[in-house]
Amino acid sequence: MIYYSVTGYDNNGKTYNLGTFDNLDNAIKRQINALADRIYKAVHIAKVIKEKA
């Protein structure tokens, strides 16, 4: 059986494991969700900075 290990990055560039999947579709979905979460957080931070400026 093939397993797919999904790796993410924190704000300091350090890697961490997002999970191991036996299904490629689920591994891809997890990676996309992690990326979307990082984008959401970055946009939220940008909005807060803009409001305080």
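This passage walks through a predicted model of a protein chain, from confidence to core, pocket and single residues.

Confidence is a helpful place to begin. Across the protein chain the mean pLDDT is 90, and 100% of the residues reach 70 or more. Among the elements, helix H1 has the highest mean pLDDT, at 92, while strand S1, which covers residues 4-9, has the lowest, at 88. As a reading habit, predicted coordinates should not be read in detail where pLDDT is low.

The interior comes next. The largest nonpolar core is made up of 5 residues, namely Val6, Leu18, Phe21, Ala27 and Ala34. Two elements, strand S2 (15-21) and helix H1 (24-52), each supply at least two residues of this core. Leu18 offers a good view of the surroundings of one core member: leaving aside residues up to four places away in sequence, Leu18 touches Val6, Thr7, Gly8, Arg30, Gln31 and Ala34. Two of these contacts, Val6 and Ala34, are themselves listed in the core.

Thr7, one of the contacts of Leu18, is found in strand S1. Its relative accessible area is 34%, so Thr7 counts as partly exposed, falling between the 20% limit for buried and the 50% limit for exposed. With residues up to four places away in sequence again left out, Thr7 touches Thr15, Tyr16, Leu18 and Gln31. Thr7 and Ala27 are 20 residues apart in sequence, and their C-alpha atoms are 9.8 Å apart in space.

The model also contains pockets to explore. The largest pocket holds about 180 Å³ of space. Its lining consists of Tyr9, Asp10, Asn11, Tyr16, Ala34, Asp37, Arg38, Lys41, Ala42 and Ile45. Helix H1 gives the largest share of this lining, with 6 residues. By character, the lining divides into 5 nonpolar, 1 polar and 4 charged residues. Ala34 is worth a second look, as Ala34 appears both in the largest nonpolar core and in the lining of the largest pocket.

Two further residues help to follow helix H1. Leu24 is found in this helix and has a relative accessible area of 42%, so Leu24 is partly exposed. From Leu24 to Ile39 the separation is 15 residues in sequence and 23 Å in space, taken from C-alpha to C-alpha. Val48 also lies in helix H1, and Val48 counts as partly exposed because its relative accessibility is 29%, between the limits of 20% and 50%. Val48 and Phe21 are 27 residues apart in sequence and 36 Å apart in space, again from C-alpha to C-alpha.

Methods
Residues numbered from 1 in each chain as written. Predicted model: local features only at pLDDT ≥ 70, side-chain atom pairs only at ≥ 80, totals over all residues. Heavy atoms only, no water. Core = buried A, V, L, I, M, F, W, Y, C linked by side-chain atoms within 4.5 Å. Buried < 20%, exposed > 50% of the residue type's maximum accessible area, 1.4 Å probe, protein only. Helix = DSSP H or I, 4+ residues; strand = E, 2+ residues; numbered from the N terminus. Contact = heavy atoms within 4.5 Å. 1 Å grid on protein atoms, 1.4 Å probe; cavity = no way out; pocket = protein on both sides within 12 Å on 5 of 7 lines; lining within 4 Å. Points joined across faces, edges and corners; volume = space filled by probe spheres on them. Nonpolar A, V, L, I, M, F, W, Y, C, P; charged D, E, K, R; others polar. pLDDT = per-residue confidence, 0-100.
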